[in-house]
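Here are my notes on this model, point by point. Please read them with the structure open.

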Amino acid sequence: MAGKHLQFLDHEQQLVAGVEKLADEKWNLNDWGINYNVVAIGGQPGSGKSTLANALFGAEFPVLTEGGEQPTTKGVWISTAANSKTLVMDTEIAELNVDQSLWTSKLSSTTFTAATASVFIFNVQKSLVENDSNGIISFLLGKIYAAHLAMFGQRHKTMILFAVRNCSDETSKESLTSTLDKRIKSAWKKVKKPNGLENSAVDDIFDYDVITLPSKIASPNEFDTAVDKLRGRYDAIYIR
Ligand SMILES: Nc1nc2c(ncn2[C@@H]2O[C@H](COP(=O)(O)OP(=O)(O)OP(=O)(O)O)[C@@H](O)[C@H]2O)c(=O)[nH]1
Ligand SMILES: [Mg+2]
């Protein structure tokens, strides 16, 4: 059966009819037992999320083609990875300036998958890290923290991996990391903590790391090399 990717929730956040049976047929999860990882990817619309998930995990999520309609990813898609016991979740997210109710419902699927995953890849354009006048990064982080605290408290730790896209040789990783570090801490300060966790620190619940990726369009070979390196790191940590 071609392709291991399946749409679980449609663009109205409804479970796609018959998807559980299809997943059984395509994935054979019974063979996995409980020894597998869950990775989610999220971030701005059109920021290259599905492209990165496909390159890293050999998934085949739909990607925006020239003249195509955005957003390409509707609802929530899940795929098995090609070479490891990993489930990869790719979610739709709305723009900040759309109708508030739509934003909230679509945001829920990203925050839910992000909180549940062992690794959340926060895909972000370098330009947004450098100039985030609307506070999109902190906003998203705040929502992810709140979902995580509500569901798991300190019982589960998520690695937030910032994948900063369209970087060049001149990009200073130190400067991006320092900016993101500030966002991580300020969003944590603002989030309402449940009883008993009032004094918890962000790194009790989240690990975080920053990787820079060259443009897949302008520097395809460098992009592939960086993705191979990232996959190697992922495998070394998460694949036992
Ligand atoms: N400049 C540049 N473009 C890229 C890169 N990676 C992907 N793209 C292009 O960006 C467009 C969007 O890529 P997708 O992977 O569909 O992005 P997405 O974030 O999944 O998009 P939605 O699901 O619609 O939110 C496509 O035309 C890709 O070819 C990159 O590293 N640099
Ligand atoms: Mg997509």
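1. Helix pair first. This is a predicted model. In it, α5 and α6 are oblique to each other. The reason is the angle: α5 (residues 136-152) and α6 (residues 173-190) pack at about 50 degrees. An angle counts as oblique if it falls outside the ranges under 35, 65 to 115 and over 145 degrees. The two helix axes lie 9 Å apart.

2. Which hand does the crossing of α5 and α6 have? The crossing is right-handed.

3. Contact residues of the pair. On the α5 side they are I137, S138, L141, G142 and Y145. On the α6 side they are R183, I184, S186, A187, W188 and K190. By class, the contact of α5 with α6 divides into 6 nonpolar, 3 polar and 2 charged residues.

4. Now the sheet. It is open and has 7 strands, with mixed pairing. The strand order reads β1-β3-β4-β2-β5-β6-β7. At the edges sit β1 (5-9) and β7 (206-214), and each of these pairs on one side only. Neighbouring strands are turned against each other by 25 degrees on average, with direction ignored.

5. One strand pair within the sheet deserves a look. Strands pair through backbone hydrogen bonds, in either the parallel or the antiparallel sense. For β2 (residues 37-43) and β5 (residues 119-125), the sense is parallel, over 5 bridges. As a point to check on screen, G42 stands opposite F122 in β5.

6. What packs on the sheet, touching β2 and β7? Helix α8 (residues 220-238) does. The direction of α8 makes about 155 degrees with that of β7. Angles over 145 degrees count as roughly antiparallel.

7. Ligand site. How many residues are around ligand 1? There are 18 residues around ligand 1. Those that come nearest are G48, K49, S50, T51 and T73. Two elements give two or more residues to this shell: α2 (49-57) and β6 (158-167). The largest share comes from α2, with 3 residues.

8. Composition of the site. The shell around ligand 1 has 10 polar, 5 nonpolar and 3 charged residues. When you inspect this site, start from the residues that come nearest, K49 and T73 among them. Then turn to α2, the source of the largest share of the shell.

Notes:
Residues are numbered from 1 along each chain as its sequence is written. Chains are lettered from A and ligands numbered from 1 in the order in which they are written. This is a predicted model: local features need pLDDT of at least 70, side-chain atom pairs count only at pLDDT 80 or more; totals for chains, interfaces and linings use all residues. A residue is near a molecule or strand if its C-beta atom, placed from the backbone, lies within 6 Å of it. Helices (H or I, at least four residues) and strands (E, at least two) are DSSP runs, numbered from the N terminus. Ala, Val, Leu, Ile, Met, Phe, Trp, Tyr, Cys and Pro count as nonpolar, Asp, Glu, Lys and Arg as charged, and the others, Gly among them, as polar. Axes are lines fitted to C-alpha atoms, for helices over the stretch in contact, and angles run from 0 to 180 degrees between N-to-C directions. A crossing is left-handed if the near helix is turned anticlockwise from the far one by less than a right angle, and right-handed if clockwise. Two residues are in contact if their C-beta atoms, placed from the backbone, lie within 7 Å. Two strands pair if DSSP finds at least two bridges between them.
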